[in-house]
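Colleague: I have this model open and I'm new to it. Could you walk me through how to read its features?

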Amino acid sequence: DDDVGSGSEDTHAVDNEMSSSVIASRELLKQKGLALAPHIHRFLDGLITDPRCGSELKECYHDLLYSIYTVSPELLVPVLPKLSAELCIDSAPKRVRAVDL
């Protein structure tokens, strides 16, 4: 029985860590977003346009963009025009994600 309970506690601990990291990230964007803007723009530009980008976030950058938008939409002004190319691609799922933003 202890093994079953400890798995649940591990999951709860991971959820708490994730929640804490999300909260910390949002606060950082609220307080220092403009100072970090050039670095954020460069990173997002790589995710969107660089096919050689090795980041694990490459596959879910639409979710990342949306998360940033909910906290600090002004940070995305220089980045969003780069998504216009996605509106014309053959991949319907990627087009839909770009439209959803």
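Colleague: Let's start with Leu 83. In which part of the protein does Leu 83 lie?

Modeller: Leu 83 sits in the loop between α2 and α3. Keep in mind that you're looking at a predicted model.

Colleague: Is Leu 83 buried or exposed?

Modeller: The way to read this is to take the relative accessible area and see whether it falls under 20%, which counts as buried. Leu 83 has a relative accessible area of 5%, so Leu 83 is buried.

Colleague: And how far is Leu 83 from Ala 98 in space?

Modeller: Here you set two separations side by side, one along the chain and one through space. Leu 83 and Ala 98 are 15 residues apart in sequence, and their C-alpha atoms are 6.4 Å apart.

Colleague: What about Glu 86? Where is the place of Glu 86, and is Glu 86 buried or exposed?

Modeller: Glu 86 is also found in the loop between α2 and α3. With a relative accessible area of 5%, Glu 86 is buried.

Colleague: Which residues is Glu 86 in contact with, leaving aside its neighbours within four places in sequence?

Modeller: With those neighbours set aside, Glu 86 contacts Ile 48, Tyr 61, His 62, Lys 94, Arg 95 and Ala 98. You can also check the C-alpha distance from Glu 86 to Arg 97: that is 8.8 Å, for two residues 11 apart along the chain.

Colleague: Let me step back. How many helices and strands does the protein have?

Modeller: There are 3 helices and 0 strands. Starting from the N terminus, the elements go α-α-α. As for the whole chain, 21% of the 101 residues count as buried.

Colleague: How do I read the surface as a whole? What does the accessible surface of the protein come to?

Modeller: Look at the total and then at the kind of atom it belongs to. The accessible surface is about 7,300 Å², with 57% of it belonging to carbon and sulfur atoms. For contacts, take the ones with a separation of 6 or more: residues 24 or more positions apart account for 47% of those.

Colleague: Now the inside. Which residues touch the most other members of the largest nonpolar core?

Modeller: That core has 14 residues, and Leu 44, Leu 65 and Ile 68 are the ones touching the most other members. At least two core residues come from each of α1 (2–49) and α2 (61–71). The biggest giver is α1, with 6 residues.

Colleague: Can we zoom in on Leu 44? Which residues is Leu 44 in contact with, beyond its neighbours within four places in sequence?

Modeller: Those partners are Leu 64, Leu 65, Ile 68, Leu 76 and Val 79.

Colleague: Next, salt bridges. How many does a search of the whole structure find?

Modeller: The search turns up 3 salt bridges. For each one, look at the N to O distance, then at where the two partners sit. Take Asp 45 and Lys 82, whose side chains meet at 3.3 Å, N to O. Asp 45 is in helix α1 and Lys 82 in the loop between α2 and α3, so this pair ties together parts that are 37 residues apart in sequence. Asp 45 is partly exposed at 26%, and Lys 82 is partly exposed at 34%.

Colleague: Where do Glu 27 and Lys 30 lie?

Modeller: Both are in helix α1, 3 residues apart, which is about one turn of the helix. Their salt bridge has its closest N and O atoms 3.7 Å apart. Glu 27 is partly exposed at 34%, while Lys 30 is exposed at 55%.

Colleague: And how far apart are the closest N and O atoms of Asp 50 and Arg 52?

Modeller: They are 3.4 Å apart in that salt bridge. Asp 50 is partly exposed, with a relative accessible area of 24%, and Arg 52 is exposed at 73%.

Colleague: How many disulfides are there?

Modeller: A disulfide is a covalent bond between the sulfur atoms of two cysteines. Here the count is 0. If you'd like to look at cysteines anyway, Cys 53 is partly exposed at 21% and Cys 60 is partly exposed at 28%.

Colleague: One last residue. Which side chain does the side chain of Ser 72 make a polar contact with?

Modeller: The partner is the side chain of Glu 74, at 2.7 Å. Ser 72 is in the loop between α2 and α3 (92–100), and with 4% relative accessibility Ser 72 counts as buried.

Key:
Residues numbered from 1 in each chain as written. Predicted model: local features only at pLDDT ≥ 70, side-chain atom pairs only at ≥ 80, totals over all residues. Heavy atoms only, no water. Core = buried A, V, L, I, M, F, W, Y, C linked by side-chain atoms within 4.5 Å. Buried < 20%, exposed > 50% of the residue type's maximum accessible area, 1.4 Å probe, protein only. Helix = DSSP H or I, 4+ residues; strand = E, 2+ residues; numbered from the N terminus. Contact = heavy atoms within 4.5 Å. Disulfide = S-S within 2.5 Å. Polar contact = N/O pair within 3.5 Å; in protein donor to acceptor, adjacent residues only side chain to side chain. Salt bridge = Lys/Arg side-chain N within 4 Å of Asp/Glu carboxyl O. Areas by Shrake-Rupley, 256 points an atom, 1.4 Å probe, with all protein chains shown as cover.
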